[in-house]
Amino acid sequence: MAMSTSHMPRPSFYTSHGIRFSQKPSWFRAQPRTKLNPSVNIKASAGVRKEDIVIVGAGIAGLATAVSLRRLGIGSVVLEQAASLRTGGTSLTLFKNGWRVLDAIGVADTLRGQFLEIQGMVVNSEDGRELRSFKFKDEDQTQEVRAVERRILLETLANELPPETVRFSSKLAKIQSSENGETLLQLTDGTTLLAKIVIGCDGIRSPIAKWMGFSEPKHVGYSAFRGLGVYPNGQPFAANVNYIYGRGLRAGYVPVSPTKVYWFICYNSPSSPGPKITDPALLRKQAKELVNNWPEELIRLIELSPDETISKTPLVDRWLWPGLSPPASTGKVVLVGDAWHPMTPNLGQGACCALEDSVILTRKLAYAIKSGPTAVEGALRAYGEERWPRVFPLTVRANLVGSLLQWDNQLVCSIRNNVVIPKLVRLGPVLEHTNFECEPLKA
């Protein structure tokens, strides 16, 4: 995919890697040749590429971090193991905290024009009975909700970066610290990079998180089908998030644009879901069988979804227990988004939290870079300390909400549908976590 260069003025000082400051930093690109740990096996030191900031992963977290750094005049290199942007998948829901970040980095208005603003939420039982409905603006005039196609979000972010910022077909094979605190990254194609700062945005199964001592994310007991229904002549739905709750099974759909509607089905599944199924025909068949007797519009959505949009994924998360989980950073290596705090999608906060991470890390890192190398590790620690009280409770809460909605006991589901949802749930407190202030990033 072609990436256009953003029209930013040439700064007074610009390093060979695009790092901008009013005065030349005393440590970026100015240190003597690195002395590596003897355990690091490099055949020819001349073949080692030196980089200031390397971001591993060109997903939402990685690209948003690169764009955020760019807005503050700091360049980076983004390593992506795929041959191009991973634009598969369907869509994701962004609440107002996500939009505040996109405003701050200057891409929100480009996206707003392409996606419908969602007005409210409707909750139904599997037999079609409406249990409750809400209007977002009635609860919070500042709330903003849109379902955004992942492909368009990634392309929009990537187009804000200079050409060749994202290096494709660059899969990490090994990571190792050097004696002076820099980090050695060895790629599967034989390339070796030596980075002053490494930002791990490499997703749920992050090799960098594993290297830092994090446990594997745990399966939460249910999986999800997802897809994107396409209506060439216009989709028929009002701009609402629609939920359907059954026993051990739930589904939902939300209009994305005038012609596209995102849908999902969550179903209870064993901890070992078995071999991955990629055959679209089989995935479509399995999804339809799960909701065979549910409202017809859901079945129709599945039928109208192109093969490449249909997927099935086991859902996982990782609880960052205080005192037990490693910190977000080790030396000058730090994690962002799903690489650090994978969470279930039950609150719609996975992408939103990754976006929040990106701007908070960027602000702290930019200040530290101007102060010198000794300030960087402290800035990365401060980022983790600030973000942990935000992301850990959200991860736990998303997990508990999912458990509540996946109940399969008939009595419990009856109480949920006839008492809890109609009479006890209030949307304001439910969405309080979407409050997030974020000033524009300016160099």
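**Exercise 1. Decide whether P295 is buried or exposed.**

Start with the cut-offs: buried means under 20% relative accessible area, exposed over 50%, and partly exposed in between (1.4 Å probe, protein chains only). P295 has 15% relative accessibility, so P295 counts as buried. This is a predicted model: local features need pLDDT of at least 70, side-chain atom pairs count only at pLDDT 80 or more, and totals for chains, interfaces and linings use all residues. Residues are numbered from 1 along each chain as its sequence is written, and side-chain values use heavy atoms, with hydrogens and water left out.

**Exercise 2. Place P295 and find its contacts.**

Helices are DSSP runs (H or I, at least four residues), numbered from the N terminus. P295 sits in the loop between α7 (280–290) and α8 (296–303). Contact means heavy atoms within 4.5 Å. Leave aside neighbours within four places in sequence: P295 then contacts E126, G128 and I244. Now take I244. P295 and I244 are 51 residues apart in sequence, yet their C-alpha atoms are 8.9 Å apart.

**Exercise 3. Repeat the steps for G62.**

First, the element: G62 belongs to helix α1 (residues 60–71). Next, the accessibility: G62 has a relative accessible area of 0%, so G62 is buried. Then the contacts: not counting residues up to four places away in sequence, G62 touches I55, G57 and C201. Last, a distance: the C-alpha atoms of G62 and G203 are separated by 9.3 Å, with their positions 141 residues apart along the chain.

Conventions
Helices (H or I, at least four residues) and strands (E, at least two) are DSSP runs, numbered from the N terminus.
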